[in-house]
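User: Could you take a close look at one part of this model for me, the sheet and what packs on it? I'd be glad if you then showed me how that part fits into the whole chain.

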Amino acid sequence: MTDAVVLDIDGVLVDVADSYRRAIVETLETVHGGSLDRADIQSFKEAGGFNDDWELTSAAALYLLARREGLDHSVERFTDEITATGGGLAGAETVVRNALAPDEFERAFAAWDRERLRDVFQQRYLGADLYTDLEDGEPDPAIAGDGFIHDEQVLADRSTLDFLVENFSIGVVTGRPAAEADIALSRVGLDVPDEHRFTMDSPVPGKPDPAALVTLAGRLNATSVVFAGDTLDDVRTARNAADADPDREYRGVGVLTGGLDGDEGREKFARVGADEVLDDVNALPETLAGE
């Protein structure tokens, strides 16, 4: 029987289509004058290793710069090759290095400013006031605006959260920085102690590495853990945890309120070993009650 439920935040508790994902698209436009659409962003997510949206933004920027140097890959081919080379930003660099001539790669790499990309992303996402508070910087009025973070809608019903809190130990594993996780959890109305959260700032590798989930299972004294997330890497994290910690049961539950949806989304989750695929997190109580 499940005794602990671990939740991702983005795409599970809050909708980030008009916040984080919009910030990726508009950051690329601001810094490089290039554009990818949200389906392209989803392709990067599915490549694996992009739990950190700053790194996803950097990989997408490198793709745009490489295209200017002659890279002829579609986004789908590029992200497929990222998967084949191990995923994540390191995979993107490997694909570009292998595809371009040395002088072409050097020009693309020289134009690649990851710090600038991160700074513009944060200004777009946080807005002027939060950027000043959290980043301790002076925002650019032409970039910062009101902040996309304020457009995040809560996905989890109050009744869902009450059921989970009353019946299970609750943890969070997210790619958000700790301060941004605080904001989201406050908006949702879910109180999770710091020791039961793993964020971007925690000293463990990001998903799909299982370290955070396995450590959290131990802290929650759990024997059977359900991890609900909106990406393939979330499900991979549960599968990897099961391999790393065979004395506990880990179940990966995919929810279709992130970038994956419909029958195609269900099939993709199933291919990476999801134990359940739900329309949204509000279906989780019924699933758990039926055990």
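Analyst: Happy to. Helix 12 (residues 232-244) lies across strand 6 and strand 7 (249-255), and its direction is at about 175 degrees to that of strand 7. Here axes are lines fitted to C-alpha atoms, for helices over the stretch in contact (heavy atoms within 4.5 Å), and angles run from 0 to 180 degrees between N-to-C directions. Helices (H or I, at least four residues) and strands (E, at least two) are DSSP runs, numbered from the N terminus.

A word on the source: this is a predicted model, in which local features need pLDDT of at least 70 and side-chain atom pairs count only at pLDDT 80 or more, while totals for chains, interfaces and linings use all residues. Residues are numbered from 1 along each chain as its sequence is written, and side-chain values use heavy atoms, with hydrogens and water left out.

Now to the sheet under that helix. Strands 6 and 7 belong to an open sheet of six strands with parallel pairing, in the order 5-4-1-6-7-8. Strand 5 (197-198) and strand 8 (276-278) each have a single partner strand, so one side of each is left without a neighbour in the sheet. Two strands are said to pair if DSSP finds at least two bridges between them. Strands of a sheet pair through backbone hydrogen bonds, either parallel or antiparallel. Strand 6 (residues 224-229) runs parallel to strand 1 (residues 4-7), and four bridges join them. If you want a residue to find on screen, take Leu7, whose bridge partner in strand 6 is Ala228.

Next, the whole chain. The domain assignment, which is automatic or from a database, gives domain 1 (4-15 + 153-290) and domain 2 (17-149). Their C-alpha centres lie 25 Å apart, and 20 residues of domain 1 are in contact with 18 residues of domain 2. About 1500 Å² is buried between the two domains, with carbon and sulfur atoms giving 50% of that area. Buried area here is the accessible area (1.4 Å probe) that two parts lose on being put together, summed over both. On the domain 1 side, Asp15, Glu180 and Met200 lose the most area to domain 2, together 28% of what that side buries.
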